[in-house]
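The following note sets out several points on the structure shown below. They are offered for consideration alongside the coordinates.

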Amino acid sequence: MALIETSTVGHVGYITLNRPQALNALNEEMDQLLGAAWDKFETESGIWVIVLRANGERAFCAGGDMHAPPTGSSGLSFGGGITGIGGRLRPISKPVICATHGHVLGLGFEIAMCADIIVAATTSRFAFPEARAGIIEHCGVVHRAVRQLPHHVAMAMILASEPLDAVQAAQYGLVNEVVAPDCIEQATARWAEKLLACSPLAARAAKEAALAGLEGSLPEALSRTYPGISRYADSGDRTEAIGAWSERRNPHWTGM
């Protein structure tokens, strides 16, 4: 049984955490496999959208495995990769959707926050158990929380291990949609279709600009040039966009 499963449907790549008997807690092997999955879909030109999800009913991910924790030395989940703390940063240029349910704890919460779109089942419970458990090492989760949540909400989670349920997470803008558990697959597919209706090159260029612009002030962001946007100007998708608009038809994107 693969601890990390990958599959594709059209232009969508699916990464599935598959250790439900351990609440999908990440160990060293899962860390390495997850890293390989991100690399695989990031580099495949035919993949335009990536979906991260998990098997089992009880948890999306209960964090790092306390019995056999990942080291983060070369993988892409624990303290590194898309989380970017304590290890090599692996930015994902393509839109990422995360589908959560059940326990979304610690490292699992951090990985979810790395997504661009979060669809949460009503069973989702987001929390940082570190302070209550008396454990604090790699702290990417706190840096993301204070950037994605209202300050006092984030600090209550960080300092008092105060959890958020799915409805609260939506109220604070942390998740995009809350659905019944049996609707999570359909909701995730619906968001994927929304993203696939957009030019993959334009979406990637916009993501690059939005995230890079956050590194400085608004005037700095407005004055910068962004390579993805510059490349898009000479792309086939840009030509198709102009043609579709002038001919009053839906565009047919090729990602080229």
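1. The model under discussion is predicted. The first point concerns the surroundings of Glu 42: apart from neighbours within four places in sequence, this residue is in contact with Ile 50, Arg 90, Pro 91, Ile 92, Ser 93, Lys 94 and Arg 204. Glu 42 belongs to helix H1, which covers residues 28-43.

2. Is Glu 42 buried or exposed? Its relative accessibility is 12%, and since the cut-off for a buried residue is under 20%, Glu 42 counts as buried. One of its contacts is with Ser 93, and here the two side chains make a polar contact at 2.7 Å.

3. Strand E7 comprises residues 117-121, and five of its five residues are buried. The cover extends to both faces of the strand. On one side lie Ile 117, Val 119 and Ala 121, and on the other Ile 118 and Ala 120; all are buried.

4. Which strands pair with E7? Strand E5 (residues 96-100) runs parallel to E7 and is joined to it by four bridges. Within this pairing, Ala 99 has Val 119 of E7 as its bridge partner. Strand E10 (residues 177-179) also pairs with E7 in the parallel sense, over three bridges. There, Ala 121 is partnered by Val 179 of E10. Val 119 and Ala 121, the E7 residues named in these bridges, both belong to the side that also holds Ile 117.

5. Gly 140 lies in helix H4, which covers residues 140-148. With a relative accessibility of 2%, Gly 140 counts as buried, because the limit is under 20%. For orientation, Gly 140 and Cys 61 are separated by 79 residues in sequence, and their C-alpha atoms are 16 Å apart in space.

6. Does the length of helix H8 (residues 200-213) agree or disagree with expectation? At 1.5 Å a residue, its 14 residues should span 20 Å, and the end C-alpha atoms are 20 Å apart, so the two values agree.

7. The buried residues of H8 are Pro 200, Ala 205, Lys 207, Ala 209, Ala 212 and Gly 213. A lysine, Lys 207, is thus listed here as buried. The partners against which the buried residues of H8 pack are strand E5 and three helices: H9 (218-223), H10 (227-232) and H11 (236-247). Strand E5 therefore appears in two settings, as it is joined by bridges to E7 and is packed against by buried residues of H8.

Notes
Residues numbered from 1 in each chain as written. Predicted model: local features only at pLDDT ≥ 70, side-chain atom pairs only at ≥ 80, totals over all residues. Heavy atoms only, no water. Buried < 20%, exposed > 50% of the residue type's maximum accessible area, 1.4 Å probe, protein only. Pairing = 2+ DSSP bridges. Polar contact = N/O pair within 3.5 Å; in protein donor to acceptor, adjacent residues only side chain to side chain. Contact = heavy atoms within 4.5 Å. Expected span 1.5 Å × (residues − 1).
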